[in-house]
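Ready for a few short exercises? Take a look at the model below, try each task yourself, and then follow the worked solution.

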Amino acid sequence: MSVSTRHSIQWADGEECEPTITVVITSPNGLFVDVRELKTGGFDWFFAGHEIEHESRHESKQVIEFNHDFLDSQFIRTGQKPAVDLGEFSDSSNETERMNGIRIEKGKMANPANGDVQEYKEKWITCDPLCGDLVYIGKDYGANEVDFVVLETIEGSIVDNKSVHVGRIVKYGHWIQGVYYDKTNKSEGVIRKFKDKDLILHGPKSIWPELNGDTSLFKLHDEIEMNGVIWRVVETR
């Protein structure tokens, strides 16, 4: 389970930069919500899916596929099924970056600026889920002691022809993040909160379940209806 933020990205031969405030919350079973808010306003990309770990040829590296078929804003905009997003993770070779918790991800994925699949290099930091500042969690943090819950709409995914409402919301520690799409009304929803403070609220607020309370009260398969949207608990401590 983790809350991560992106330190920077570099596309192909481009310059290293960070045009977004990116936060990813991932559950122990690999369910994630990834929201990349542009610092200038709007969204670079938002998506939700699951991780698939691949065999690595190097013991010091980890290879993970991020499947976006559940929900992907690029699919909403273009109608094209999400491309394979496969990243290879390793510790930074820079000592200062390692001390600051920066890990390197390299791979190929669709560039949201143009839709082309390109090579990239990203730098990530795993953050303290109880801290409002996106700072390095440290190596000795007791992550297993922090409660979490994951809820999803019950109808399907963004790429099928069955579902009307598609969404996922995750709470880990004091951080909450969710994405949603209504296929009938073609309306989007994105939420990011720290405790009771809305950091992002895009689209209707009335669809989101209230997660600021004690998440230990949520039981697996519990259902909550919010303004016609049914959410089900799919993972919890």
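## Exercise 1: A threonine and its surroundings

Threonine 20 is buried, its relative accessible area being 3% (buried means under 20% relative accessible area, with a 1.4 Å probe and protein chains only). The model is a predicted one, in which local features need pLDDT of at least 70 and side-chain atom pairs count only at pLDDT 80 or more, while totals for chains, interfaces and linings use all residues. Residues are numbered from 1 along each chain as its sequence is written, and side-chain values use heavy atoms, leaving out hydrogens and water.

**Task.** Find the strand that holds threonine 20, then its side-chain polar contact with glutamate 18.

**Solution.**
- Start with the strand: threonine 20 belongs to E2, residues 20-26 (strands are DSSP runs of E, at least two residues, numbered from the N terminus).
- Next, look at the side chains: threonine 20 and glutamate 18 share a polar contact of 2.6 Å (a pair of N or O atoms within 3.5 Å, where one must be able to donate a hydrogen and the other to accept it, and residues adjacent in sequence count only if both atoms are side-chain atoms).
- Arginine 6 also makes a side-chain polar contact with threonine 20, at 3.3 Å.
- Finally, leaving aside neighbours within four places in sequence, threonine 20 is in contact with residues including Arg36, Leu38 and Asp44 (heavy atoms within 4.5 Å).

## Exercise 2: A sheet and a histidine

**Task.** Trace the strand order of the open sheet of seven strands, then place histidine 165 in its strand.

**Solution.**
- The order is E13-E12-E11-E10-E9-E15-E14, with antiparallel pairing (two strands pair if DSSP finds at least two bridges between them).
- E13 (197-202) and E14 (223-226) are the edge strands; each has a single partner, so one side of each lacks a neighbour in the sheet.
- Within the sheet, E10 (residues 165-172) is joined to E11 (residues 175-182) by eight bridges, and glycine 167 stands opposite tyrosine 180 in E11.
- Histidine 165 is in E10 and is buried at 16% relative accessibility.
- The side chain of histidine 165 makes a polar contact of 2.6 Å with that of tyrosine 180.
- As a last step, measure along the chain: histidine 165 and valine 229 are 64 residues apart, yet 6.8 Å separates their C-alpha atoms.

Terms used:
Helix = DSSP H or I, 4+ residues; strand = E, 2+ residues; numbered from the N terminus. Buried < 20%, exposed > 50% of the residue type's maximum accessible area, 1.4 Å probe, protein only.
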